Amino acid sequence: MSGEESAEAAREGSPLGAGTRPLRLGTRKSLMAMTQSQQVADALTARTGHAVELVGVTTQGDVSKALLAQIGGTGVFVNALRDRVLSGEVDFAVHSLKDLPTSESPGIALAATPLRDDPRDALCGPAKLADLPRGARIGTGSARRAAQLRAMRPDLEIVPIRGNADTRLRKVADGEVDAVVLAYAGLKRIRRLDAVAEVFEADQMLPAPGQGALALECRADRADLRALLETVDDPATRRAVTAERTVLAVLEGGCSAPVGAYSVEFDERLHLTATVVSYDGSRQLRLSASGHPDDAERLGRDLANRLLAQGADQLIGERD
Ligand SMILES: NCc1[nH]cc(CCC(=O)O)c1CC(=O)O
């Protein structure tokens, strides 16, 4: 049997039919994105026998030096990949779930949310937060992280920075800032856990909705492909991130609003905690609730409405 024929045979019974080319996975080109995309590719191949090839896409968010909020929020990372999915240039895209805008995108389906990695934030620098000197300079471009840092340590100076995780860690090494806060999951993917001085528990800093989770998106009209991608879906992860993202959607904060949310399932209940913090960190609302795992959206909506009833909208409106 020729190589081609055996490859053909291996694909027999695949939902995409015989003679299929490798699946094309659209991804950002950063080390973090390529690493997480390769993990998804390997998992898909292991479960379905399908070859998957990575297609690196440069997005506006990767090339612009402007602060993210000024060029339309983290959605810029996502839109370029969605365009490639819709045009058929790639079969599906892998995103960091926390970068997805909360609004639905016409023609695009969230086909799978694989098992979530560690959702927590980590401080990278010479010492734990409590041991940093008065007035220490902490680099972050995230209003959520800045506000929660100020709530713990009002003396800190927050320095707005951006760039990928490696660039930010270099700013610590170069002395431009004393420390930075980054997602633990991302640091793990780029093998830089050595830089971590402290991992924040949820009672110190609530992560961004969806942090640590990935999203596989494809065209909504490709039922065969959706079924294939679903083989790497983790339903408990999907329920948790649905609850978290519904909080954000209802609060309409968008990516720059100081909103944190974390949900996890245990004892057959879905538990959700969410916070809204004023930009200066001086005022903080924080509520928790739990519900049936099948009611993730309602759980998120109800908690967001309780936050609004306690004045969350006013906190969001204050920028200093
Ligand atoms: N906005 C950038 C981004 N998108 C996802 C992650 C981390 C990995 C994740 O949450 O899955 C990061 C970097 C960071 O926040 O440190």
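Okay, a definition to start: when I say helix or strand, I mean a DSSP run, H or I with at least four residues for a helix, E with at least two for a strand, numbered from the N terminus. With that in hand, Lys 98 sits in the loop between strand 3 (92–96) and strand 4 (108–112). We'll come back to that lysine.

Two bits of housekeeping. Residues are numbered from 1 along each chain as its sequence is written. And this is a predicted model, where local features need pLDDT of at least 70, side-chain atom pairs count only at pLDDT 80 or more, and totals for chains, interfaces and linings use all residues.

So, the overall picture. The protein's secondary structure comes to eleven helices and 13 strands. There are 320 residues, and 45% of them count as buried. Buried here means 20 or more other C-beta atoms within 10 Å of the residue's own; exposed means 12 or fewer, partly exposed is in between, and the C-beta atoms are placed from the backbone.

The domain assignment gives domain 1 (3–114 + 213–233), domain 2 (121–199) and domain 3 (241–317); those bounds come from an automatic or database assignment. Where domains 1 and 2 touch, seven residues come from domain 1 and nine residues from domain 2. A contact, by the way, is two residues whose C-beta atoms, placed from the backbone, lie within 7 Å. On the domain 1 side of that contact you get four nonpolar, three polar and no charged residues. For those classes, Ala, Val, Leu, Ile, Met, Phe, Trp, Tyr, Cys and Pro are nonpolar, Asp, Glu, Lys and Arg are charged, and the others, Gly among them, are polar.

Now, where does the ligand lie? Between domain 1 and domain 2, because both give residues to the shell around it. Eleven residues surround the ligand, and Ser 96, Leu 182, Ala 183, Gly 186 and Gln 211 come nearest. Strand 8 and helix 7 (184–189) are the elements that give two or more residues to that shell. Near means that the residue's C-beta atom, placed from the backbone, is within 6 Å. By class, the shell has four nonpolar, five polar and two charged residues.

Let's follow strand 8 (residues 179–183) across to its neighbour. Strand 8 pairs with strand 5, antiparallel, over four bridges; to count as a pair, two strands need at least two DSSP bridges between them. Ala 183 in strand 8 is the bridge partner of Asp 121. Strand 5 also has three bridges to strand 9 (residues 196–199), antiparallel again, and there Leu 123 stands opposite Glu 198. In a regular strand the side chains alternate between the two faces of the sheet. Are the faces of strand 5 (residues 121–124) covered or open? Both are covered, with Asp 121 and Leu 123 buried on one side and Ala 122 and Cys 124 buried on the other.

Back to Lys 98, as promised. Lys 98 is buried, with 24 other C-beta atoms within 10 Å. Leaving out residues up to four places away in sequence, Lys 98 touches Ala 208, Pro 209, Gly 210 and Gln 211. You may remember Gln 211 as one of the residues that come nearest to the ligand. Compare Asp 203, in the loop between strand 9 and strand 10 (214–219): Asp 203 counts as exposed, with 8 C-beta neighbours inside 10 Å.

Last stop, the strands late in the chain. Strand 11 (259–266) joins strand 12 (269–277) through eight antiparallel bridges, with Glu 265 partnered to Leu 270. Strand 12 then pairs with strand 13 (residues 284–291), also antiparallel over eight bridges, and His 271 stands opposite Ser 290 there. Seven of the nine residues of strand 12 are buried, so that strand is largely enclosed by the rest of the structure.

The turns are fun too. Most residues other than glycine have a negative phi. In the two residues between strand 11 and strand 12, though, Asp 267 takes a positive phi near 50°, and Glu 268 has one near 60°. Glu 268 is exposed, with 7 other C-beta atoms within 10 Å. In the next hairpin, with six residues between strand 12 and strand 13, Gly 281 has a positive phi near 80°.

That's the tour!
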